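The exercises below ask you to read a fold from its strands, its core and its side-chain pairs. Each task is followed by a solution that goes step by step.

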Amino acid sequence: MSRQGSAAVGRGTAEVRKVNVDLLSLTYGALVYQLVKDYQDDDEVNRELVKIGANMGERLVEDFLARNPMPRCRAFQESVDVVCRTAFKQYLGVTVECTGWNAALTECVLVLKENPLADFVELPERHQSKLCYSNVLCGVIEGAMMAVHQDVRASFLHDALLGHPTTEIKLTFHGIIKDTIPAGEDDD
């Protein structure tokens, strides 16, 4: 294949990825709109978005591990590093920075300079105080971490939709889920 043809293929892939992210953003907006309409309570919508995200996260782990064979992460910090360096980039096309580790390495903050789920979105004023529009991301992280036997809670600290310069998600590690580790994989 000529260099010119290779460049066109690479450019086409980037364009397809951008179209996919835009489609995801618009489809996600329609989902949130429908949930707000159905539940008419922002707290209930937030809980439903986390549930939906958790289901997605559990399934995304299987896809992620099939595409990226790697050894099992032994610590929460390793898992977060993989999520930041690889998973967000692979599935949403964004780079995530991990900051603010506590001394015990059980809490950190993920900083998203851009949030593709929030593209094309203007949150109505009546929903700005309670609705966590991108709460599905917290659910995806929780579900994915649960699938790899780590009990993690994720919550929004800052949201660019509300005028903050970045979107920030706090992660808190509550421990290893021992009863779900397959026989022979527990090294303790």
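**Exercise 1.** Is Asp-63 buried, exposed or partly exposed?

*Solution.* The model is a predicted one, in which local features need pLDDT of at least 70 and side-chain atom pairs count only at pLDDT 80 or more, while totals for chains, interfaces and linings use all residues. Residues are numbered from 1 along each chain as its sequence is written, and side-chain values use heavy atoms, with hydrogens and water left out.

Step 1: fix the classes, where buried means under 20% relative accessible area, exposed over 50%, and partly exposed in between (1.4 Å probe, protein chains only). Step 2: apply them to Asp-63, whose relative accessible area of 27% makes this residue partly exposed. Step 3: turn to its partner, Arg-67, which forms a salt bridge with Asp-63 with the closest N and O atoms 2.9 Å apart; a salt bridge here is a side-chain nitrogen of Lys or Arg within 4 Å of a carboxyl oxygen of Asp or Glu. Arg-67 is exposed, at a relative accessible area of 56%. Step 4: place the pair, for Arg-67 and Asp-63 both lie in helix H2, 4 residues apart, which is about one turn of the helix. Helices (H or I, at least four residues) and strands (E, at least two) are DSSP runs, numbered from the N terminus.

**Exercise 2.** Describe the other salt bridges, and state which of them joins two strands.

*Solution.* Step 1: the structure holds 9 salt bridges. Step 2: one of them joins the side chains of Arg-47 and Glu-44 at 2.9 Å, N to O, and these two residues, both in helix H2, are 3 residues apart. Arg-47 is partly exposed at 45%, as is Glu-44 at 25%. Step 3: another is formed by Lys-170 with Glu-107, the closest N and O atoms being 3.6 Å apart. Because Lys-170 lies in strand S4 and Glu-107 in strand S2, this pair ties together parts that are 63 residues apart in sequence. Step 4: Glu-142, Asp-151 and Arg-153 are joined into one network by salt bridges that share partners.

**Exercise 3.** In what order do the strands form the sheet, and which are the edge strands?

*Solution.* Step 1: two strands pair if DSSP finds at least two bridges between them. Step 2: by that rule 4 strands form an open sheet in the order S1-S2-S4-S3, with antiparallel pairing. The edge strands are S1 (96–99) and S3, each of which pairs on one side only, and the twist averages 25° from one strand to the next. Step 3: strand S2 (residues 107–112) is joined to S4 by 6 bridges, with Val-109 opposite Lys-170 and Val-111 opposite Glu-168. Step 4: S3 (residues 150–158) pairs with S4 over 8 bridges, and here Ala-154 stands opposite Leu-171. Step 5: since 7 of the 10 residues of S4 (residues 167–176) are buried, this strand is largely enclosed by the rest of the structure.

**Exercise 4.** Which helices lie on the sheet, and which residues touch the most other members of the largest nonpolar core?

*Solution.* Step 1: helix H4 lies across S2, S3 and S4, running at about 165° to S3. Axes are lines fitted to C-alpha atoms, for helices over the stretch in contact, and angles run from 0 to 180 degrees between N-to-C directions; contact means heavy atoms within 4.5 Å. Step 2: a nonpolar core is a set of buried Ala, Val, Leu, Ile, Met, Phe, Trp, Tyr and Cys residues joined through side-chain atoms within 4.5 Å. Step 3: return to the sheet, whose twist averages 25° from one strand to the next; H3 packs on it, touching S1, S2, S3 and S4, and its direction makes about 5° with that of S2. Step 4: of the 35 residues in the largest nonpolar core, Phe-76, Val-80, Phe-88, Leu-110, Ile-141, Ile-169 and Leu-171 touch the most other members. The largest share of this core, 6 residues, comes from H3. Step 5: take Ile-141, which touches Phe-88, Leu-110, Ala-154, Ile-169 and Leu-171, not counting residues up to four places away in sequence.

**Exercise 5.** How many aromatic pairs are found in the whole structure?

*Solution.* Step 1: rings of Phe, Tyr and Trp (its six-membered ring) pair if their centres lie within 6.5 Å, and planes under 30 degrees apart count as stacked, over 60 as edge-to-face and the rest as tilted. Step 2: the search finds 3 aromatic pairs. Step 3: the rings of Tyr-28 and Tyr-133 have centres 5.3 Å apart and planes at 85°, so this pair is edge-to-face.
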